[in-house]
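Please open the model in your viewer and set it to a cartoon view, with side chains ready to be switched on. The tour below moves from one selection to the next.

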Amino acid sequence: MEADIKKCFEKINHGFILKHTPICHKHVLKQWLGLEAGVMEEMNMLETKEGTPQGGIISPMLCNIVLNGMENLIRKAIPKIKKIGPGIHVIRYADDIVILGKSKEILLKCKEILTEFLLERGLELNEKKTRITHIKKGFDFLGFNIRRMRYNPRLNNPTEQETVLIIKPSKKGIEKFKENIKRKIDINKPIKAIIRDVNPIIRGWGEHKRISYHSQETFISLDHWIYQRMMKWITKFKGSKLKAINKYVIRTESRKWNWGISVKEKIMNLGEIPIISPKPLKLDRNPYLMKDKEYFNKRRENTIYAKFRATIYRKFKHICPGCNETLHNGEKVELHHIVGQKQGGKYQLKNIQPLHQICHQKITHSKFEIMKVESE
């Protein structure tokens, strides 16, 4: 069941928020809600009797407080199946909700519970957008399409199941991505401006969508689509297209068609963004409890390390300085100390460069050979 709350942020009951938000200074909460400030509409001051301010940074937090408890309520209300569990899963991201159940009857019961739960908070379901669908038909959630399909024996992922779960970017998200790229690849734009405008879109979209194994197929397909858009772009050049292609197509070992000026200055290839499997957060852990402090410290350390690595990649424009190839060609990437640790080199931004594993080994071995010759 895809549950859509009708005007969630606009209709939240202020009385419920004031009563159930654990904050000492209620007057601050009133200010957040705009109870004392009001809103201006066509030069008229209006009181805000319900809802949270649109665009306010505290609004998502207040929304989560209001909707907190929904998951446990539904689980407790649905009887267990074979004494194992209720056979339902509630997934919620702010006001985006999906409930997975064993049958349509269970989901209809969940809908009744959810309707009553929301009523107390001044909210209601949007009947037109709330729907129950079978997993084989699939549904969209947070920019992904989730669907169970019959197993294709031609794929190199053998399984004993008759069907497999496919999670890939939604059609709506793909169309929006194409629209954004299409606007940037203007026939009157120089190649340098296209690279500058297109790469942040490709990188941002790819980083968000790479958390699913099946996104790779979509990435490759979109790479081909971008190639076709660029083929239309070169039609502006008078004379032979072949000359324009020779000028603006950069060939590398991993890919023959790279649109750009040089190896370091080219349109990013979406298909070369590596797929990752993010480690899910354990839902029984609480960041405000001392017993779970070590768990969250470890996750934070990993996040900081990932950000440091991302900064290094950006500094070198996602190019391996050892071979001038993209860092995202599928090879393992290692961080190399320019000045070795034994020579006093520190683990700092200015002293670290990203290298493919084989390039790192070549540099390490060459230094070893030099040291060996000098010692002799």
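**From the sheet to helix 6**

Begin by selecting strand 1 together with strand 5 (residues 96–101), which run antiparallel and are joined by 3 bridges; bear in mind throughout that this is a predicted model. Within this pair, show Asp4 and look across to Asp96 in strand 5, which stands opposite.

Next, add strand 4 to the selection, and you will have an open sheet of 3 strands in the order 1-5-4, with antiparallel pairing. Strand 1 (2–4) and strand 4 (88–93) stand at the edges with a single partner strand each, so one side of each is left without a neighbour in the sheet. From one strand to the next, the twist averages 20°.

Now select helix 6 (residues 104–119), which packs on the sheet and touches strand 1, strand 4 and strand 5, its direction making about 145° with that of strand 5. If you place a distance between the end C-alpha atoms of helix 6, they are 23 Å apart, which agrees with the 22 Å that its 16 residues should span at 1.5 Å a residue.

Which residues of helix 6 are buried? Switch on the side chains of Ile106, Leu107, Cys110, Ile113, Leu114, Phe117 and Leu118, which are the buried residues of helix 6. They cover an arc of only 130° around the axis, which puts them on the same side of helix 6. To see what they pack against, show strand 1, helix 4 (59–67), helix 5 (70–77), strand 4 and strand 5.

Finally, turn to the face of helix 6 that points away from its buried side, where you can select the exposed residues Lys104, Glu105, Glu112, Glu116 and Leu119.

Technical notes:
Residues are numbered from 1 along each chain as its sequence is written. This is a predicted model: local features need pLDDT of at least 70, side-chain atom pairs count only at pLDDT 80 or more; totals for chains, interfaces and linings use all residues. Side-chain values use heavy atoms; hydrogens and water are left out. Two strands pair if DSSP finds at least two bridges between them. Helices (H or I, at least four residues) and strands (E, at least two) are DSSP runs, numbered from the N terminus. Axes are lines fitted to C-alpha atoms, for helices over the stretch in contact, and angles run from 0 to 180 degrees between N-to-C directions. Contact means heavy atoms within 4.5 Å. The expected span of a helix is 1.5 Å times one less than its number of residues. Buried means under 20% relative accessible area, exposed over 50%, partly exposed in between (1.4 Å probe, protein chains only). The arc is that of the directions from the helix axis to the C-beta atoms.
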